[in-house]
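I opened my notebook to jot down what I could look up here. Here is what I went through, entry by entry.

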Amino acid sequence: MKIAVSAQEKSPQSPVDPRFGRAKCFMVYDEGTKTWDAIDNQQNLQAAQGAGIQSAATVVNAGCNVLISGHCGPKAFATLSKAQVAVYAVQGGTVEAAVEAYRSGTLKRLEDADVEGHW
Amino acid sequence: MKIAIASGKGGTGKTTVATNLALLLGERGENVVYLDCDVEEPNGHLFLKPSIDRRIAATIPVPVIDESKCTACGECVKFCQYNALVRLGKTVMVFPELCHGCGGCMLLCPQKAISERDREIGIVETGRACGVCFANGRLNIGEAMSPPLIREVLRQSAAAAIAVIDAPPGTSCPVITSLRTADFVMLVTEPTPFGLHDLGMALDMVRELDVPHGVVVNRAEAGNIDAESFCAQRQVAVIAQLPDDRRVAEAYSRGEMVLTAVPSLRRHFETIWEYIRGQVHA
């Protein structure tokens with residue numbers, strides 16, 4: 001099981017980035033090997049449009065099953081759902097704390113996008 | 001000759017200038033078409049009151065992927081500047097609402113797995129109104145892709161000698177699309193800090209596009225020289241100043257033309273036309 005968290009810096013101690021599509025980077029925790037990996041998101045940070053969709057593809061293609069972020073828009077949610085990635089919302093805190101909260105079952109799973117699409 | 005009316009700030013009087021200029025030219029026997037390119041909120045028809053004789057759907061071509069041929073190589077995804085295609089493992093998903101219809105993905109797909117279908121983004125209406133040919137675009141609600149519809153509206157100028165293009169406000173893609181082929185751009189402003197700030201952005205835009213241009217000050221107030229000072233500083237000509245006149249506002253609220261409701265202002269539109277004609281033929 002791999003868990004992706006939108007992050008402001010490439011570190012487990014980084015604050016969670018509340019944005020998904022235009023997050024600075026993604027921190028990926030592998031529950032099997034108990035290791036962290038960082039994925040840059042610079043390209044989508046500067047995209048004119050479709051950042052959420054491409055960020056969703058990044059998460060899916062990195063083999064993640066779970067995404068934790070501040071918010072998730074409709075197109076990103078549709079893309080993640082199609083690839084059966086579960087989306088969880090978190091307010092603030094560090095990446096590491098977000099993963100702990102997910103594993104202890106205290107995070108809320110999103111049933112749908114929680115923000116409007118934006119251009 | 002293509003004359004575009006633009007502004008930067010919204011609500012400065014683009015449609016008032018554009019519709020009255022078109023009417024003036026029609027009255028003079030010119031073969032003129034008025035093109036409402038503000039396709040997100042067209043309002044020229046409220047004043048010209050055209051009888052519409054044709055409505056056609058405007059479409060853009062969007063990709064359709066044949067999954068039996070697609071190998072998910074990702075070439076189309078890498079190529080698309082608008083992120084309309086996304087690769088998820090072994091499949092490629094299409095987001096038609098993000099596609100600008102360039103057709104590039106179809107051309108470069110190594111498997112020839114991509115074909116196109118038309119997606120409707122709005123309609124173009126054409127008709128006639130008091131000596132003026134009329135066309136406007138109406139973008140579908142929720143649609144973000146207006147430039148292809150604007151280009152379709154601009155195509156309705158083919159048979160006319162003079163096109164008066166009523167551009168959308170702002171300085172982004174829909175405005176650039178509306179102005180790109182113009183021979184002259186008239187920028188309408190109002191003597192307020194907001195109006196002049198956005199006029200500055202509009203001036204930067206038309207200078208970047210390298211199109212001849214001038215300024216009309218609308219709702220000009222006696223004693224307020226803010227707009228003149230601004231235009232002098234930015235070295236752009238003020239062609240006319242339409243006074244802040246309650247009769248104009250009342251006519252506007254009833255959907256009436258300034259030329260008929262306040263005939264004493266006709267000379268300003270004549271000045272505008274003479275200036276543009278001099279500039280374009282010079």
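My notes below go from the whole chain to its domains.

**Entry 1, what I'm looking at.** I'm noting up front that this is a predicted model. I looked up the helices and strands of chain B and got eleven helices and eleven strands.

**Entry 2, extent.** I checked how far the C-alpha trace of chain B reaches along its principal axes, and it spans about 70 × 45 × 35 Å.

**Entry 3, inside and outside.** Chain B has 282 residues, and 52% of them are buried. I took buried to mean under 20% relative accessible area. Then I looked up the accessible surface of chain B, which is about 12,700 Å². Carbon and sulfur atoms own 51% of that surface.

**Entry 4, contacts.** I looked at contacts in chain B with a separation of 6 or more, and 73% of them join residues 24 or more positions apart.

**Entry 5, charges.** I found 28 positive and 33 negative charges in chain B. Their mean positions are 4 Å apart.

**Entry 6, domains.** How is chain B divided? I wrote down domain 1 as 2–49 + 130–281 and domain 2 as 60–120. So that I could place them, I looked up their centres over C-alpha atoms: 38 Å separate domain 1 of chain B from domain 2 of chain B.

**Entry 7, where the domains meet.** Interface size is often given as the accessible area lost when the parts come together. For domain 1 and domain 2 of chain B, I got about 430 Å² buried between them, with 52% of it on carbon and sulfur atoms. Four residues of domain 1 of chain B are in contact with seven residues of domain 2 of chain B.

Notes:
Residues are numbered from 1 along each chain as its sequence is written. Chains are lettered from A and ligands numbered from 1 in the order in which they are written. This is a predicted model: local features need pLDDT of at least 70, side-chain atom pairs count only at pLDDT 80 or more; totals for chains, interfaces and linings use all residues. Side-chain values use heavy atoms; hydrogens and water are left out. Helices (H or I, at least four residues) and strands (E, at least two) are DSSP runs, numbered from the N terminus. Buried means under 20% relative accessible area, exposed over 50%, partly exposed in between (1.4 Å probe, protein chains only). Contact means heavy atoms within 4.5 Å. Accessible areas come from the Shrake-Rupley method with a 1.4 Å probe; for residues, only the protein chains shown count as cover. Lys and Arg count as positive and Asp and Glu as negative; His and the chain ends are not counted. The place of a charge is taken as NZ of Lys, CZ of Arg, CG of Asp or CD of Glu. Domain bounds come from an automatic or database domain assignment. Buried area is the accessible area (1.4 Å probe) that two parts lose on being put together, summed over both.
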